[in-house]
Amino acid sequence: MRLEKASDMAEDVPRPVDVNLIREMLDRKKGRMTFCLSACAGCTLCAESCFLFRNHDGDPRYMPSYKVLNSLGKLYKKKGKATRAQLEEMKDLIWRNCVLCERCYCPLGIDLPNMIAFARSILRSQGICGVNLPSPSPPGLE
Ligand code: SF4
Ligand code: SF4
């Protein structure tokens with residue numbers, strides 16, 4: 001009985017963030033990703049092509065560039081040194097607020113969906129995985 005309780009407690013302890021692994025993953029794509037992150041002009045044109053942004057009354061948390069800058073952008077700024085709580089915050093941005101439909105368009109050629117997918121793979125490497133929003137109902141069925 002005691003042993004059972006001890007193992008239950010062990011399961012409740014969150015696993016420490018593997019900063020070295022995050023850094024390794026970031027470094028592998030550093031050149032291209034940091035170029036894209038710094039090239040973003042903040043014009044918000046990509047937001048117009050994101051149906052989730054349009055369906056959420058212009059909530060900036062659904063803006064494609066916001067999602068990228070506040071996930072991958074933060075990870076590069078922190079050189080991978082993020083806490084579990086910070087990674088959990090990013091989870092909602094890149095899973096709940098994005099369905100990876102690849103429709104967002106950037107006139108500068110920044111591949112936003114690819115960057116969001118990369119941020120997801122980094123979070124997955126730390127055992128963090130989110131869920132997408134349910135698909136919106138087709139017109140007429142709402
Ligand atoms: S359209 Fe491109 S440059 Fe403009 S905010 Fe979006 S990602 Fe940045
Ligand atoms: S990939 Fe994500 S950010 Fe881009 S349009 Fe689709 S839901 Fe929006």
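## A tour from R23 to the two ligands

With 16 C-beta neighbours inside 10 Å, R23 counts as partly exposed, because that class lies between buried (20 or more other C-beta atoms within 10 Å of the residue's own) and exposed (12 or fewer), with C-beta atoms placed from the backbone. This is a predicted model, in which local features need pLDDT of at least 70 and side-chain atom pairs count only at pLDDT 80 or more, while totals for chains, interfaces and linings use all residues. Residues are numbered from 1 along each chain as its sequence is written, and chains are lettered from A and ligands numbered from 1 in the order in which they are written.

R23 sits in helix α2 (residues 19-28); helices here are DSSP runs of H or I, at least four residues, numbered from the N terminus. Not counting residues up to four places away in sequence, R23 touches K79 and G80, where contact means C-beta atoms, placed from the backbone, within 7 Å. R23 and I122 are 99 residues apart in sequence, yet their C-alpha atoms are 9.5 Å apart in space.

Now to the interior. The largest nonpolar core has 30 residues, and L72, I94, L112, M115, I116 and A119 touch the most other members. Such a core is a set of buried Ala, Val, Leu, Ile, Met, Phe, Trp, Tyr and Cys residues joined through C-beta atoms within 7 Å. Among the helices that each supply at least two residues are α3 (30-39), α7 (72-77) and α8 (84-96), and α9 gives the most, with seven residues. Leaving aside its neighbours within four places in sequence, M115 is in contact with M33, C36, V68 and L72.

The axes of α8 and α9 come within 10 Å and cross at roughly 140°; axes are lines fitted to C-alpha atoms over the stretch in contact, with angles from 0 to 180 degrees between N-to-C directions. L87, M90, K91, I94 and W95 of α8 meet I116, A119, R120 and L123 of α9. These residues divide into seven nonpolar, no polar and two charged.

Finally, the ligand shells. A residue is near a ligand if its C-beta atom, placed from the backbone, lies within 6 Å of it. Ala, Val, Leu, Ile, Met, Phe, Trp, Tyr, Cys and Pro count as nonpolar, Asp, Glu, Lys and Arg as charged, and the others, Gly among them, as polar.

| Shell | Residues around it | Closest | Classes |
|---|---|---|---|
| Ligand 1 | 13 residues | C40, C43, C46, S65, C106 | 10 nonpolar, three polar, no charged |
| Ligand 2 | 14 residues | C50, P64, C98, C101, C104 | 10 nonpolar, one polar, three charged |

Helices α6 (64-69) and α9 (112-124) each supply at least two residues of the shell around ligand 2.

Technical notes. Two residues are in contact if their C-beta atoms, placed from the backbone, lie within 7 Å.
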